[in-house]
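Hi there,

Here is the structure I promised to pass on to you. My notes follow below it, so please have it open while you read.

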Amino acid sequence: MTLFCHSTIPWFLLMQLILQVLQITAKVPAIIIFGDSSVDTGNNNQLSTVLKSNFKPYGRDFNDGKPTGRFSNGRVPGDFISEAFGIKPTVPAYLDPSYSIKDFATGVCFASAGTGYDNATSNVLDVMPLWKELEYYKEYQKKLRDYIGEEKADETLREALYIMSLGTNDFLENYYQFNSKRASEFTIKQYQDFLLGLAENFVKDLFNLGARKLSIGGLPPMGCLPLERMRNAFVGTGCNQEYNNVATEFNTKLEGLVVNLNKELPAAQIVHSNTYGILLNIIQMPSKYGFENAAVGCCATGMFEMGYMCNEFSPFTCADARKYVFWDSFHPTEKTSQIISDYVMRTTLATFM
Ligand SMILES: *[C@@H]1O[C@H](CO)[C@@H](O)[C@H](O)[C@H]1NC(C)=O
């Protein structure tokens with residue numbers, strides 16, 4: 001106490017201040033990811049689905065040029081966010097047999113390309129439904145407790161940042177597909193509300209399992225994905241405005257849900273990481289960000305290929321993915337993912353730094 005005895009500030013106030021500073025600087029010890037191909041780091045490699053990307057030219061700009069199963073030429077947002085929190089530069093996929101709980105203890109990805117909030121969406125391409133991602137998360141909790149002990153594991157699970165990034169497939173691969181059962185059951189507004197109910201339940205499930213810091217991603221301007229532009233081509237060459245409107249509407253509702261969840265679960269801190277605006281800005285003013293092409297993807301013709309159709313035998317694949325906003329017809333390049341990740345780190349996720 002001699003340090004403080006000449007101070008005009010009472011020592012207990014100083015102690016309180018120090019504790020507060022320690023609390024503020026308490027780092028996120030792990031990043032735990034749920035969702036679809038926007039954040040999948042290789043889980044689909046282990047599934048019997050046709051929706052995969054563990055072959056060239058996927059991953060060609062990854063550190064060792066390895067196609068990991070990320071739907072990108074390089075890293076995806078979860079990787080950049082993990083790095084920004086000072087944890088590690090890549091987040092391993094839970095189903096990848098080359099990793100173990102030792103690797104997963106500081107971050108793990110349960111995402112599966114092609115999935116959605118709706119069970120019917122994951123059925124389309126035979127990928128992991130969201131409930132299955134949660135089952136694996138429960139298994140992970142057990143393994144973590146065995147590995148670092150109950151108390152330390154509970155702390156990690158409580159202080160970890162949980163990232164949810166999904167929803168696009170529910171609309172584009174399910175509701176808006178020809179002869180969709182969901183489109184005969186729900187109007188588009190009803191379907192949005194149905195998905196929001198599922199999102200709400202998922203957050204509550206995570207909360208009840210110990211999660212406290214959560215980021216829910218909104219929908220991107222999905223009418224501007226090259227594949228949707230091509231499907232829309234008979235109307236013009238621009239974005240599908242209807243799809244963009246649906247995304248904006250959904251994001252507004254999601255914002256409301258997040259406000260309510262924070263009220264209902266005061267012990268939790270839930271943010272809506274809305275990347276619609278930044279991505280639309282990049283698409284509308286690509287040169288401002290150093291891009292030359294925002295309309296088609298780099299891989300193959302860039303108009304419709306993704307997964308197995310984006311392969312090393314296409315003579316059309318671009319030479320420099322850094323000039324392209326999109327890597328294939330459905331997914332951003334590594335550079336776009338980095339810009340978007342920097343943006344959420346500066347905005348919504350800054351809360352958790
Ligand atoms: C999705 O499927 C799982 C497993 O069959 C089930 O427990 C869950 O209730 C389903 N969700 C909805 C909304 O139907």
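**A buried strand residue and its surroundings**

Ile-216 is buried, with a relative accessible area of 0%. Please keep in mind that this is a predicted model. Ile-216 belongs to strand E4, and I found that strand a handy place to begin. Leaving aside residues up to four places away in sequence, Ile-216 touches Tyr-117, Met-164, Val-203, Leu-254, Val-258, Ile-270, Val-271, His-272 and Ser-273. Its bridge partner in E5 is His-272.

What about the rest of E4? 5 of the 5 residues of this strand are buried, so E4 is largely enclosed by the rest of the structure. Lys-213, Ser-215 and Gly-217 point one way from the strand, while Leu-214 and Ile-216 point the other way. You may like to look at Lys-213 in particular, as it is a charged residue by type and is buried along with the others of E4.

**The sheet**

Zooming out, E4 is part of an open sheet of 5 strands, in the order E2-E1-E3-E4-E5 and with parallel pairing. Which strands stand at the edges? They are E2 (107-109) and E5 (269-273); each has a single partner strand, so one side of each is left without a neighbour in the sheet. From one strand to the next, the twist averages 15 degrees.

On one side, E4 (residues 213-217) pairs with E3 (residues 161-165) in the parallel sense, over 4 bridges. To find the register, look for Leu-161 opposite Lys-213 and Tyr-162 opposite Leu-214. E4 is also joined to E5, by 5 bridges, and these two strands run parallel as well.

Helix H11 (residues 241-264) packs on the sheet, where it touches E4 and E5. The direction of H11 makes about 170 degrees with that of E5.

**Two helices that pack together**

Now for a helix pair. At what angle do H2 and H13 pack? Helix H2 (residues 77-84) and helix H13 (residues 334-346) meet at about 45 degrees, and their axes are 9 Å apart. That angle makes H2 oblique to H13. The crossing of H2 past H13 is right-handed.

From H2, the contact is made by Pro-77, Phe-80, Ile-81 and Ala-84. From H13, the residues involved are Glu-334, Ser-337, Gln-338, Ser-341, Val-344 and Met-345. Sorted by type, the residues of this contact are 6 nonpolar, 3 polar and 1 charged.

**After H13**

The segment after H13 holds Thr-348. Is this residue buried or exposed? At 19% relative accessibility, Thr-348 counts as buried, because the cut-off for buried is under 20%. Not counting residues up to four places away in sequence, Thr-348 touches Val-271, His-272 and Ser-273. Those three residues are also among the contacts of Ile-216, which brings us back to E4.

One more pair to look at is Ile-216 and Thr-347: they are 131 residues apart in sequence and 13 Å apart in space, C-alpha to C-alpha.

Do write back if you would like to go through any of this together.

Best wishes

Key. Residues are numbered from 1 along each chain as its sequence is written. This is a predicted model: local features need pLDDT of at least 70, side-chain atom pairs count only at pLDDT 80 or more; totals for chains, interfaces and linings use all residues. Side-chain values use heavy atoms; hydrogens and water are left out. Axes are lines fitted to C-alpha atoms, for helices over the stretch in contact, and angles run from 0 to 180 degrees between N-to-C directions. Angles under 35 degrees count as roughly parallel, over 145 as roughly antiparallel, 65 to 115 as roughly perpendicular and the rest as oblique. A crossing is left-handed if the near helix is turned anticlockwise from the far one by less than a right angle, and right-handed if clockwise. Contact means heavy atoms within 4.5 Å. Buried means under 20% relative accessible area, exposed over 50%, partly exposed in between (1.4 Å probe, protein chains only). Two strands pair if DSSP finds at least two bridges between them.
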